[in-house]
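Subject: Structure for you to look at

Hello,

Here is the structure I promised to pass on. My notes follow below it.

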Amino acid sequence: MESILGANSDFIATCERAADILGGFDGYFIERLQVDSSYPGGRVDVFLRIGTDRPDVAISLTGIVGIFAENLLEMDASFVEGMTVECIPGAETLWPRGLERLGCRPSGFPDVARLVLAGPMALEVIARTISISVAQVY
């Protein structure tokens with residue numbers, strides 16, 4: 001099913017749910033960033049933590065199209081000032097503003113998710129899938 005934006009409505013819903021979930025975790029710290037190039041298509045895992053009384057968060061992205069990180073040396077004290085997730089429809093022939101550095105978009109390119117974490121260590125990941133796990137605190 002195609003939406004007005006040209007993206008799959010299920011994928012749009014996934015991105016919107018991810019954005020809603022992550023909106024409540026500003027102020028968390030990036031505990032760990034893991035990039036796995038041996039995973040088919042690549043995988044990036046971002047682990048967020050703030051303390052023992054709040055749930056840990058794991059963000060997993062696969063089918064990596066691009067990853068950009070700034071100030072990796074700031075990771076020890078890298079709090080998250082804000083997080084956004086957006087759906088970039090495959091039907092668009094050009095990358096949105098700011099992603100031109102990814103080069104040409106071939107026809108038939110799939111919908112992708114764009115995760116942006118703002119803070120001392122800025123992180124941006126563009127991927128074909130995104131999933132979020134939130135630990136329960138007892």
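A good place to begin is valine 125, which sits in strand E6. Please keep in mind that this is a predicted model. Valine 125 has a relative accessibility of 0%, so it counts as buried. Outside its own stretch of sequence (four places either way), valine 125 is in contact with Val44, Leu61, Ile64, Gly66, Ile67, Ala113, Arg114 and Leu115. One of these, arginine 114, is 11 residues from valine 125 in sequence, and the two C-alpha atoms are 5.8 Å apart.

The sheet

E6 belongs to an open sheet of 6 strands, paired antiparallel in the order E1-E2-E3-E6-E5-E4. Strand E1 (29–36) and E4 are at the edges with a single partner strand each, so each has one side without a neighbour in the sheet. On average, and ignoring direction, neighbouring strands are turned by 35 degrees against each other. Helix H1 packs on this sheet, where it touches E3, E4, E5 and E6. The direction of H1 makes about 175 degrees with that of E4.

Two of the strand pairs are worth a look. E2 and E3 run antiparallel and are joined by 6 bridges; valine 44 has leucine 61 in E3 as its bridge partner. E4 and E5 also run antiparallel, with 7 bridges between them, and threonine 84 stands opposite valine 116 in E5. Although E4 is at an edge of the sheet, 5 of its 7 residues are buried, so E4 is largely enclosed by the rest of the structure.

Strand E3 also holds threonine 62. The relative accessible area of threonine 62 is 15%; buried means under 20%, so this residue counts as buried. Neighbours within four places in sequence aside, threonine 62 is in contact with Tyr39, Gly42, Arg43, Ala127, Arg128 and Thr129.

The cores

In soluble globular proteins, nonpolar side chains tend to be buried together. Here the largest nonpolar core has 26 residues, and those with the most contacts inside it are Val46, Leu48, Ile59, Met83 and Leu117. At least two residues of this core come from each of helix H1 (9–22) and strands E2 (43–49), E3 (57–69), E4 (82–88), E5 (112–118) and E6 (123–134). H1 gives the largest share, 5 residues.

What does leucine 48 touch, leaving aside its neighbours within four places in sequence? Its contacts are Tyr28, Phe29, Ile30, Glu31, Asp56, Val57, Ile59, Val80, Met83 and Leu117. Another core lies apart from the largest one and has 6 residues, including Trp95, Leu99, Phe109 and Val112.

Aromatic pairs

There are 3 aromatic pairs in the structure. In one of them, phenylalanine 29 and phenylalanine 79 meet edge-to-face, with 6.4 Å between centres and 75 degrees between planes. This pair links distant parts of the chain, 50 residues apart: phenylalanine 29 is in strand E1 and phenylalanine 79 is in the loop between E3 and E4. Phenylalanine 29 is partly exposed, with a relative accessible area of 34%. Phenylalanine 79 is partly exposed too, at 32%.

Tryptophan 95 and phenylalanine 109 form another edge-to-face pair, 5.5 Å centre to centre and with 75 degrees between the planes. These two residues are 14 residues apart, and each is in the loop between E4 and E5. Are tryptophan 95 and phenylalanine 109 buried or exposed? Both are buried, and both are among the residues of the 6-residue core.

Serine 78

The last item is serine 78, in the loop between E3 and E4. Serine 78 counts as buried because its relative accessibility is 0%. The side chain of serine 78 reaches the backbone nitrogen of methionine 121 at 3.4 Å. Not counting residues up to four places away in sequence, serine 78 touches Tyr28, Phe29, Ile30, Pro120 and Met121. Of these, Phe29 also takes part in the aromatic pair with phenylalanine 79, and Tyr28, Phe29 and Ile30 are among the contacts of leucine 48 as well.

Regards

Notes: Residues are numbered from 1 along each chain as its sequence is written. This is a predicted model: local features need pLDDT of at least 70, side-chain atom pairs count only at pLDDT 80 or more; totals for chains, interfaces and linings use all residues. Side-chain values use heavy atoms; hydrogens and water are left out. A nonpolar core is a set of buried Ala, Val, Leu, Ile, Met, Phe, Trp, Tyr and Cys residues joined through side-chain atoms within 4.5 Å. Buried means under 20% relative accessible area, exposed over 50%, partly exposed in between (1.4 Å probe, protein chains only). Helices (H or I, at least four residues) and strands (E, at least two) are DSSP runs, numbered from the N terminus. Contact means heavy atoms within 4.5 Å. Two strands pair if DSSP finds at least two bridges between them. Axes are lines fitted to C-alpha atoms, for helices over the stretch in contact, and angles run from 0 to 180 degrees between N-to-C directions. A polar contact is a pair of N or O atoms within 3.5 Å; within protein, one must be able to donate a hydrogen and the other to accept it, and residues adjacent in sequence count only if both atoms are side-chain atoms. Rings of Phe, Tyr and Trp (its six-membered ring) pair if their centres lie within 6.5 Å; planes under 30 degrees apart count as stacked, over 60 as edge-to-face and the rest as tilted.
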